[in-house]
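Visitor: Please take a close look at one part of this structure for me, its salt bridges, and then at what surrounds them. I would like one connected account.

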Amino acid sequence: MNISQAAKFTGLTSKTIRFYEEKGIIPKARRADNGYRFYTEDQLETLGFIKRARGLGFSLDECKKLLDLQHNPDRASAEVKEKVQENLARVQSQIEHLEDIKSSLMKMSKSCPGNKGHECPILDELCHGGHTEVLQ
């Protein structure tokens with residue numbers, strides 16, 4: 001399967017597939033006589049694996065480690081579970097951070113009359129961090 005077919009099959013872009021090759025995330029594709037990259041079924045499975053892992057928030061380095069574990073017959077599932085739990089903790093932290101942002105934005109939105117006047121509590125908050133006195 002050539003790169004455009006592989007891209008269509010996996011839902012990745014050709015550029016992304018080439019990037020994964022350059023970074024050593026997937027093995028370099030074999031070249032056909034015409035110079036086009038040719039992807040095997042194993043490479044397509046690996047690309048699907050990476051796409052799903054990336055969709056779950058794993059970094060490329062983490063994907064590489066997960067792939068290494070996938071190909072290691074001596075792996076322990078505890079190693080894989082540890083990677084997932086680390087990612088889960090990171091995602092939970094991001095959710096908490098986003099909830100804080102959401103709360104702040106809601107407060108800012110409620111504080112602003114949204115009229116034609118030039119007074120804007122939102123800009124005041126952004127300029128002074130809730131402190132209207134001059135910082136010394």
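Guide: A residue is called buried here when its relative accessible area is under 20%, exposed when it is over 50%, and partly exposed in between. By that rule both Arg 37 and Glu 21 are buried. Keep in mind that this is a predicted model.

These two residues form a salt bridge through their side chains, with N and O 3.1 Å apart. Arg 37 belongs to strand S2, residues 37-38, while Glu 21 belongs to helix H2, residues 14-22, so the bridge ties together parts that are 16 residues apart in sequence.

How many salt bridges does a search of the whole structure find? It finds three. Another one pairs Arg 90 with Glu 62, at 3.0 Å from N to O. This pair also links distant parts of the chain, because Arg 90 sits in helix H5 (residues 77-111) and Glu 62 in helix H4 (residues 60-71), 28 residues apart. The two ends of this bridge fall into separate accessibility classes: Glu 62 is buried because its relative accessible area, 17%, is under the 20% limit, whereas Arg 90 counts as partly exposed at 31%.

The remaining pair is Asp 68 and Lys 64, whose closest N and O atoms are 3.6 Å apart. Both residues are in helix H4, four residues apart, so about one helical turn separates them. Asp 68 is partly exposed at 42% relative accessibility, and Lys 64 is partly exposed at 31%.

Next, the setting of the bridge between H4 and H5. The axes of these helices come within 10 Å and cross at roughly 160°. That angle is over 145 degrees, which makes H4 roughly antiparallel to H5. On the H4 side the contact is made by Glu 62, Lys 65, Leu 66 and Leu 69, and on the H5 side by Glu 79, Val 80, Lys 83, Asn 87 and Arg 90. Both partners of the salt bridge, Glu 62 and Arg 90, are thus on the list of contacting residues. The crossing of H4 and H5 is left-handed.

H2 and H4, which each hold a salt-bridge residue, also supply residues to the largest nonpolar core. This core has 19 residues, and Ile 17, Tyr 20, Ile 25, Ile 26, Tyr 39, Leu 47 and Ile 50 have the most contacts inside it. At least two of its residues come from each of helix H1 (3-10), H2, helix H3 (41-55) and H4.

Leu 47 shows how the core is connected. With neighbours within four places in sequence left aside, Leu 47 is in contact with Thr 10, Leu 12, Ile 17, Tyr 20 and Ile 26. Thr 10 lies in helix H1 and counts as buried at 11% relative accessibility. On the same footing, not counting residues up to four places away, Thr 10 touches Ile 17, Leu 44, Leu 47 and Lys 51.

Glu 119 offers a contrast in accessibility. Glu 119 is in the loop between H5 and helix H6 (121-128), and at 55% relative accessibility Glu 119 is exposed, whereas Glu 21 is buried. From Glu 119 to Ala 6 the C-alpha distance is 55 Å, with their positions 113 residues apart in sequence counted as separation.

Technical notes:
Residues are numbered from 1 along each chain as its sequence is written. This is a predicted model: local features need pLDDT of at least 70, side-chain atom pairs count only at pLDDT 80 or more; totals for chains, interfaces and linings use all residues. Side-chain values use heavy atoms; hydrogens and water are left out. A salt bridge is a side-chain nitrogen of Lys or Arg within 4 Å of a carboxyl oxygen of Asp or Glu. Buried means under 20% relative accessible area, exposed over 50%, partly exposed in between (1.4 Å probe, protein chains only). A nonpolar core is a set of buried Ala, Val, Leu, Ile, Met, Phe, Trp, Tyr and Cys residues joined through side-chain atoms within 4.5 Å. Contact means heavy atoms within 4.5 Å. Axes are lines fitted to C-alpha atoms, for helices over the stretch in contact, and angles run from 0 to 180 degrees between N-to-C directions. Angles under 35 degrees count as roughly parallel, over 145 as roughly antiparallel, 65 to 115 as roughly perpendicular and the rest as oblique. A crossing is left-handed if the near helix is turned anticlockwise from the far one by less than a right angle, and right-handed if clockwise.
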